[in-house]
Amino acid sequence: ASVYNALIKAHTSHGAHLLALILYTHMLSHGTQPDPFSFPIVLKACANLEARELGQQIHAQTLKFCVIVDPFVSNSLILMYSKFGLRDCARKVFDEVPTRNVVMWTTMIDVYTRAGLMDEAAEFFEKMPERNVFTWTAMISGHLRNGSPMLALGIFRAMQACGVHPDEVAVLGAISACARLGGLGIGKWAHVYVKAHGLDINKVSLANGLMDMYVKCGSLADALEVFNEMPKRSVVSYNTMVCGLAMHGKGKEAIELFENMQKDGFKPN
RNA sequence: UUCAGACCCUU
């Protein structure tokens, strides 16, 4: 099965989910049994294709072929059902797992925040035995999605108070909260934190987030500095800066940058 | 050989 798994995985990572599933059924019909490594790959493909019937069939197969409940498989089932919009099914899988790990708890929190059920998310957050940076960031992103940047910042602070070190995604959440609140002071602190802790500022989304924060907090000069120092830019980087210049009354500079963007080979979207 | 925060950050 491991040879098939590698092949199936190669297809899913290129977005060819349907081909992956065809390959999987080919494997079954040729007498090769799936192993616990097969299911997460193929369940994710079902989730992406919203293939509900097949997903349920494969759920049945996990019960048939797995002697013990594999945490990777359980989590993939929870994710798949939540993508189908079947929150109760996701919850049922979670409730029936004998030993839950931090990934499953975090997945459930994410499911609830996406549904706007922040009370349920908070309840899970408090109940769970251990939390890591993914868990904390899921709560931060959840509050941002649901229009509570103040609460997002509160969670970020609590995370640090608990001794969990923020990574790029966590800091980006805090930066995004600052942008919405106009909190230049904390935003600058976050920028310093990124530099001081060697977080990867070359991650385009992190630099984009910093630029956006500076623009919205009224510091165009800082935004331009981040932009100029970016080794790699995306079309979003240019959009952010063009809009930033325009919002700050620099119409001419905005148009110039818009033209430079096209010279750099970026097509306006 | 397999899972979670990032269909995110700009408009």
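Lys127 and Glu123 both belong to helix 8 (residues 118–127), where they sit 4 residues apart, about one turn of the helix. Their side chains meet in a salt bridge, with 3.6 Å from N to O. The model described here is predicted. Lys127 counts as partly exposed because its relative accessibility is 49%. Glu123 is also partly exposed, since its relative accessible area is 45% and the partly exposed class runs between 20% and 50%.

**Salt bridges**

A search of the whole structure finds 8 salt bridges. Three pairs with a spacing of 4 residues are set out below, including the one in helix 8.

| Pair | Helix | N to O distance |
|---|---|---|
| Lys127 and Glu123 | helix 8 (residues 118–127) | 3.6 Å |
| Glu96 and Lys92 | helix 6 (residues 87–96) | 3.2 Å |
| Asp212 and Lys216 | helix 13 (residues 204–216) | 3.1 Å |

In helix 6, Glu96 and Lys92 are separated by about one helical turn because they are 4 residues apart. The closest N and O atoms of this pair are 3.2 Å apart, and both Glu96 and Lys92 are exposed. That label places each of the two residues over 50% relative accessible area.

Asp212 and Lys216 are likewise 4 residues apart, about one turn of helix 13, and their side chains form a salt bridge at 3.1 Å. Asp212 has a relative accessible area of 23%, so Asp212 is partly exposed. Lys216 is partly exposed too, because its relative accessibility is 49%.

Asp110, Arg114 and Arg145 are linked in a network of salt bridges. Two residues of this network return in the description of the RNA: Arg114 is among the residues closest to RNA strand B, and Arg145 has a side-chain atom by a phosphate oxygen of the strand.

**The surface near RNA strand B**

RNA strand B is surrounded by 36 residues, of which the closest are Asn5, Phe37, Pro40, Arg114 and Val169. By residue class, this surface divides into 13 nonpolar, 13 polar and 10 charged residues. On the RNA side, 36% of the strand's atoms within 4 Å of the protein belong to sugar or phosphate, and the rest belong to bases.

Several helices each supply at least two residues of this surface, among them helix 1, helix 3 (38–49), helix 5 (71–83) and helix 7 (102–114). Helix 9 (133–145), helix 11 (168–181), helix 13 and helix 15 (235–247) do so as well. Helix 9 gives the most, with 6 residues.

Polar side-chain atoms come close to both the bases and the backbone of the strand. For Thr137, such an atom lies 3.0 Å from a base nitrogen of RNA strand B. For Asn208, a polar side-chain atom is 2.9 Å from a base oxygen of the strand. Arg145 places a polar side-chain atom 2.9 Å from a phosphate oxygen.

**Asn5**

Asn5 is found in helix 1 (residues 2–12) and is one of the residues closest to RNA strand B. Asn5 is buried because its relative accessible area is 7%, and buried means under 20% with protein chains only taken into account. Not counting residues up to four places away in sequence, Asn5 touches Asp35, Phe37, Ser38 and Ile41. Of these contacts, Phe37 is also listed among the residues closest to RNA strand B.

Notes:
Residues numbered from 1 in each chain as written. Chains lettered and ligands numbered in written order. Predicted model: local features only at pLDDT ≥ 70, side-chain atom pairs only at ≥ 80, totals over all residues. Heavy atoms only, no water. Buried < 20%, exposed > 50% of the residue type's maximum accessible area, 1.4 Å probe, protein only. Contact = heavy atoms within 4.5 Å. Salt bridge = Lys/Arg side-chain N within 4 Å of Asp/Glu carboxyl O. Near = heavy atom within 4 Å. Polar contact = N/O pair within 3.5 Å; in protein donor to acceptor, adjacent residues only side chain to side chain. Nonpolar A, V, L, I, M, F, W, Y, C, P; charged D, E, K, R; others polar.
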